[in-house]
Protein chains: 2
Amino acid sequence: MEKKIRWGILGCGRIAKTFAESLQHVADAELAAVASRTPGKANEFAKAYNVQCYYENYLDLVKDESVDVIYVATTHNYHHEHVLLCLENKKPVLCEKPFTVNSKQAEDLIKAARQNKVFLMEAMWTRFLPCIVELNRLLSENIVGDIGLLRADFGFRAKGRNAHKYYFDPNLAGGALLDLGVYPVSFSRMVFKKSPLSIKTFGYIDSSKVDEHAAYMFEYGYGKVAMMSSSFSIDIPHDAVICGTEGYIKIPYFSRPTQFSIKLHGQEEKTVRIPFASNGLNYQAQEVNKCLKEGKLESDIMPLDESLEIMKMLDALRKEWGLKYPME
Amino acid sequence: MEKKIRWGILGCGRIAKTFAESLQHVADAELAAVASRTPGKANEFAKAYNVQCYYENYLDLVKDESVDVIYVATTHNYHHEHVLLCLENKKPVLCEKPFTVNSKQAEDLIKAARQNKVFLMEAMWTRFLPCIVELNRLLSENIVGDIGLLRADFGFRAKGRNAHKYYFDPNLAGGALLDLGVYPVSFSRMVFKKSPLSIKTFGYIDSSKVDEHAAYMFEYGYGKVAMMSSSFSIDIPHDAVICGTEGYIKIPYFSRPTQFSIKLHGQEEKTVRIPFASNGLNYQAQEVNKCLKEGKLESDIMPLDESLEIMKMLDALRKEWGLKYPME
């Protein structure tokens, strides 16, 4: 029988639950332990997801030798601290996005992972969805020719509509960029396969001292532009489009797509439909399992240097807006 | 019987033909005369569209007292000269877009129209389509709340695909901005009802010395941004989306829409379908007829000051790119 990878979840919030559900759809994965610092929360979580072991502090989870890998599911302001805790204890990590609060923190984690020779990956689950894998295959064949424009937006009105408080809390590194903007920015890195040469942006800092709404353009050299936005103040269609000399590809719900359409110059539009199983987070868990079994320290699909580059772009945008978090 | 407005067409190119066809669907319009400086061309055009009178020079058309109004259908580099010829001879004018090559020329024409007390209007036909009239009615009711983002793009690959040469001729004030970009820019003026406070852009000047591709963002104050693009080098979906605090409206083929969809926060998406008759250019002709019959010198829907503001935005973009035409 195939050895199951034993997962631990550090932090028991909303995304932790979604991940726990997705793990049930990964054949060689088993949720072995969970931890929360909030009394009773880990126990409740363990009962709900039938987990045998739970802890009321993070160190015990990290030190649990029966746990193969830890999913860090705390708010982003804690990623640096909690990932470091894992790595220093030689525990492989899948870290929720945004990877960290800023690129300095990301560099720290990458250095720690490499020094300790421990696996680390950003939980950019989008990259592993079958629909995106196929999109990337087609892009590698230059299906739309030379790409001149990418558009990707992610925004919804959170204010005054049962908003999660942490969206607007600077102490939790809140704001639309790190929560939503990380998707279009990461997508732009995936499509252009490099970081921009220059950035132009309008960004709006809320009275809460975080960004509520922003528009940004990245330039990658002559005639190559990504136009993106992220917002907690308005609803924006959650779509991306990749335009080139031979045509364009529309990707509805580009962070969790089940289809995309290809319109090549002078041809009929074609739709490619590839649904994902479970809630989609399972594919990134599969990638982690695969990497661990192969003894890899990084994923080829979401390598650490790329996560660092994404954090640098987010830093660059915040710098333009004058947005600095209290913990920086 | 209702008096028919007698139209003259100055210039017999592609758009002139489309307009001549549309006039056949305007009950109180009649195509009375056409003119072209190319020998034989006006005659041929007159035969094809059953026009009684044709001229091989423009002055004769302008001086024809039986003609009530002239549609100037020459390339944009000639608009200033030809519109002025009409106005100085007290002949009302519908002028093809872009209104002129730059705002200085636009100011000239507006001044001439007002001094001579002659009707003048930019042929921004989109504004008069029933679908856009309904869209504007809904926007005036703030249907999507406070608008924070407008996106509008217009681009297709013209290079190497039987491109009309004038697309890339600086002597004809070519380039994607004046030919295609005028649509998103005009649309942004319609939606935000004012000109931007600031502009950020990437623009790419071709070896032909005109813009082949550009991305631009306009800002109208706190949290209000339009993101637009125009291109002759890549295919871009010809769509617009208007996003606000209450939801968004998607307008496919926004320069010539037959439908749009409204998605309000927490509600199902609704589609509004309003096809247009003929090729759609007839609605602007109807507006001109109406204005002339009412003795108006400008259209309330497409007033001259607005055409001037649009030219100023196009000037501002070209200035950022360092694009100056030989005739400037």
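**Exercise 1. Determine how strands β4 and β5 of chain A pair in this predicted model, and place them in their sheet.**

Step 1. Strand β4, residues 69-72 of chain A, and strand β5, residues 93-95 of chain A, run in the parallel sense and are joined over three bridges. One residue pair can be named here, since A:I70 has A:V93 in β5(A) as its bridge partner.

Step 2. In general terms, the strands of a sheet pair through backbone hydrogen bonds, and this pairing is either parallel or antiparallel. For the sheet of chain A that holds β4 and β5, the pairing is parallel, and six strands form an open sheet in the order β3-β2-β1-β4-β5-β6.

Step 3. At the edges of this sheet stand β3 (53-55) and β6 (120-122) of chain A, and because each has a single partner strand, one side of each is left without a neighbour in the sheet. Neighbouring strands of the sheet are turned by 25° against each other on average, when direction is ignored.

**Exercise 2. Describe helix α8 in chain A and in chain B, giving its span, its buried residues and what follows it.**

Step 1. In chain A, helix α8 covers residues 282-293, and its 12 residues reach 16 Å from the first C-alpha to the last, close to the 16 Å expected at 1.5 Å a residue. For α8 of chain B, also residues 282-293, the reach is 16 Å over 12 residues, again close to the expected 16 Å.

Step 2. Taking buried to mean under 20% relative accessible area, the buried residues of α8(A) include A:N282, A:Y283, A:E287 and A:C291. In α8(B), the buried residues include B:Q284, B:A285, B:V288 and B:N289.

Step 3. Just after α8(A), A:G295 takes a positive phi of about 75°, and just after α8(B), B:G295 takes a positive phi of about 75°.

**Exercise 3. Work out which parts of the two chains line the second largest pocket, and what classes of residue are found there.**

Step 1. The second largest pocket has a volume of about 1300 Å³. Its lining is made of 49 residues, and those nearest its centre are A:R14, A:I15, A:Y166, A:Y167 and A:D179.

Step 2. From chain A, α1 (14-23), α4 (79-88), β7 (147-155) and α7 (176-192) each supply at least two residues of the lining, as does β12 (247-252) of chain B. The largest share, five residues, comes from α7(A).

Step 3. Sorted by class, the lining of this pocket holds 20 nonpolar, 17 polar and 12 charged residues.

Note on methods. Residues are numbered from 1 along each chain as its sequence is written. Chains are lettered from A and ligands numbered from 1 in the order in which they are written. This is a predicted model: local features need pLDDT of at least 70, side-chain atom pairs count only at pLDDT 80 or more; totals for chains, interfaces and linings use all residues. Side-chain values use heavy atoms; hydrogens and water are left out. Helices (H or I, at least four residues) and strands (E, at least two) are DSSP runs, numbered from the N terminus. The expected span of a helix is 1.5 Å times one less than its number of residues. Buried means under 20% relative accessible area, exposed over 50%, partly exposed in between (1.4 Å probe, protein chains only). On a 1 Å grid over the protein atoms alone, a cavity is a set of points where a 1.4 Å probe fits but cannot get out, and a pocket is an open set with protein on both sides within 12 Å along at least five of seven lines; lining residues have an atom within 4 Å of a point. Grid points are joined across faces, edges and corners, and a volume is the space filled by probe spheres set on the points. Ala, Val, Leu, Ile, Met, Phe, Trp, Tyr, Cys and Pro count as nonpolar, Asp, Glu, Lys and Arg as charged, and the others, Gly among them, as polar. Two strands pair if DSSP finds at least two bridges between them. Axes are lines fitted to C-alpha atoms, for helices over the stretch in contact, and angles run from 0 to 180 degrees between N-to-C directions.
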